[in-house]
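Here is a quick tour of one protein model, aimed at someone just starting out. Keep the structure open while you read and look up each residue as it comes along.

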Amino acid sequence: MTHPAVSTAVDLIDAPLLYKGKVRELYDLGEHMLIVVTDRISAFDYVLEPAVPEKGNVLNRLSAFWFGQTKELLENHVVHIDVDRLGAIVKEPELLRNRIMVVRKAQRIDMECVVRGYITGGGWRQYKETGKVNGIELPKDLRKNAKLPEPIFTPAAKNDVGHDEDIPFSTMQELIGKELADELKEKSLKLYAFARDYCAERGILLADCKFEFGILDGKVILIDEIFTPDASRFWAQDKYALDIEIDSMDKEPVRAYLASSSWDKDSTPDPLPEEVVTETSRRYLDIYHRITGHSLN
């Protein structure tokens with residue numbers, strides 16, 4: 001059964017709102033923080049209408065799944081994902097079931113830790129211009145979507161306003177210190193390798209992904225989301241090819257629709273057609289099933 005889309009939880013949570021992002025909302029529970037993953041969808045830096053049913057459900061449960069899978073590799077911020085344990089804080093628990101995550105409060109490290117296993121997207125654009133990605137020299141004559149000889153770590157400095165900024169690893173070391181930067185790089189590459197191998201057994205290529213880390217009690221822990229379609233680029237193995245735009249397993253129907261429309265990318269776009277919303281919802285449900293082996297309901 002598909003539930004109605006949830007665009008915001010502001011009227012459903014009796015706790016102070018700390019932050020409202022494009023998709024996630026953060027509420028203060030005192031010792032802990034509550035993350036609500038809505039069904040809002042964004043593209044080209046705009047939040048679009050309408051919301052996509054089950055999207056937040058998939059993102060939250062996939063993150064919970066991967067946090068569980070990787071906890072032996074690295075500690076994370078999850079306390080629990082049980083809406084019933086929140087009691088009267090949540091006014092309509094059924095609307096938010098599977099969409100919440102109670103987490104420990106960590107000090108966010110203002111770096112987006114990106115690992116690329118294939119040369120595509122923004123990395124491909126850099127490579128075409130310079131032969132490098134984030135300052136890393138790559139073999140000559142690589143083709144678009146080629147698998148890299150080894151995964152590469154390509155960080156970005158986080159900006160709360162505007163786009164995150166791709167930086168060389170040496171700049172990351174200068175900004176946060178060599179020891180911490182080295183640790184984040186090592187942990188990111190290990191996490192990528194784990195998920196890449198897991199996905200490969202299920203007919204999925206993990207082209208690239210991003211992580212966020214925080215400091216809690218003097219230790220680095222994993223925060224935010226992990227290996228979701230919003231934080232990773234998944235390709236179906238049977239769709240993989242060089243020199244093309246591979247139809248990735250995420251909100252590609254939305255991007256494709258907007259790119260082919262007359263929208264100027266400089267104003268709020270018109271509402272998405274029903275068929276685009278339906279197909280996008282189907283894709284999120286499909287990637288959840290392919291990765292976990294379970295359907296959502």
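Is W66 buried or exposed? W66 counts as buried, because its relative accessibility is 0%. Before going on, remember that this is a predicted model. With that in mind, we'll look at aromatic rings, then salt bridges, then a pair of packed helices.

**Aromatic rings**

- A pair of aromatic rings is described by the distance of the centres and the angle of the planes.
- Searching the whole structure turns up 13 aromatic pairs.
- Take W66 and Y198: their ring centres lie 5.1 Å apart and their planes sit at 70 degrees, so this pair is edge-to-face. The cut-off behind that label is an angle over 60 degrees.
- This pair ties together distant parts of the chain, since W66 belongs to helix α1 (residues 55-70) and Y198 to helix α5 (residues 178-200), with their positions 132 residues apart.
- Like W66 at 0%, Y198 is buried, and its relative accessible area is 13%.
- Now try F211 and F213: with centres 6.2 Å apart and planes at 45 degrees, their rings make a tilted pair.
- F211 is buried, with a relative accessible area of 1%, and F213 is buried with a value of 1% too.
- Put these four together with F65 and F227, and you have one aromatic cluster: F65, W66, Y198, F211, F213 and F227.

**Salt bridges**

- Side chains of opposite charge can pair when their charged atoms come close.
- The model has 28 salt bridges by the rule used here.
- One of them joins the side chains of E94 and R97, with 2.6 Å from N to O.
- How exposed are its two partners? E94 counts as exposed because its relative accessibility is 55%, while R97, at 27%, counts as partly exposed.
- R255 is worth finding, as it shows up in two salt bridges: its side chain meets D250 at 3.0 Å, N to O, and it also pairs with E252, where the closest N and O atoms are 3.0 Å apart.
- R255 itself is partly exposed, with a relative accessible area of 25%.
- Its partner D250 is buried at 5%, and E252 counts as buried at 19%. The E252 value falls in that class because buried means under 20%.
- E252 and R255 both sit in helix α6 (residues 252-260), 3 residues apart, which is about one turn of the helix.
- Elsewhere, salt bridges link up into a network made of E112, K158, D164, K210 and E212.

**Two packed helices**

- Two packed helices are described by the angle between their axes and the distance between the axes.
- Helix α6 packs against helix α7 (residues 274-292) at an angle of about 150 degrees, and their axes are 8 Å apart.
- That angle makes α6 roughly antiparallel to α7, because angles over 145 degrees count that way.
- On the α6 side, the contact is made by E252, P253, V254 and Y257, and on the α7 side by V276, E279, T280 and R283.
- Sorted by class, the contact has 4 nonpolar, 1 polar and 3 charged residues.
- Notice E252 again: it takes part in the contact with α7 and also forms the salt bridge with R255.

How values were computed
Residues are numbered from 1 along each chain as its sequence is written. This is a predicted model: local features need pLDDT of at least 70, side-chain atom pairs count only at pLDDT 80 or more; totals for chains, interfaces and linings use all residues. Side-chain values use heavy atoms; hydrogens and water are left out. A salt bridge is a side-chain nitrogen of Lys or Arg within 4 Å of a carboxyl oxygen of Asp or Glu. Buried means under 20% relative accessible area, exposed over 50%, partly exposed in between (1.4 Å probe, protein chains only). Helices (H or I, at least four residues) and strands (E, at least two) are DSSP runs, numbered from the N terminus. Axes are lines fitted to C-alpha atoms, for helices over the stretch in contact, and angles run from 0 to 180 degrees between N-to-C directions. Angles under 35 degrees count as roughly parallel, over 145 as roughly antiparallel, 65 to 115 as roughly perpendicular and the rest as oblique. Contact means heavy atoms within 4.5 Å. Ala, Val, Leu, Ile, Met, Phe, Trp, Tyr, Cys and Pro count as nonpolar, Asp, Glu, Lys and Arg as charged, and the others, Gly among them, as polar. Rings of Phe, Tyr and Trp (its six-membered ring) pair if their centres lie within 6.5 Å; planes under 30 degrees apart count as stacked, over 60 as edge-to-face and the rest as tilted.
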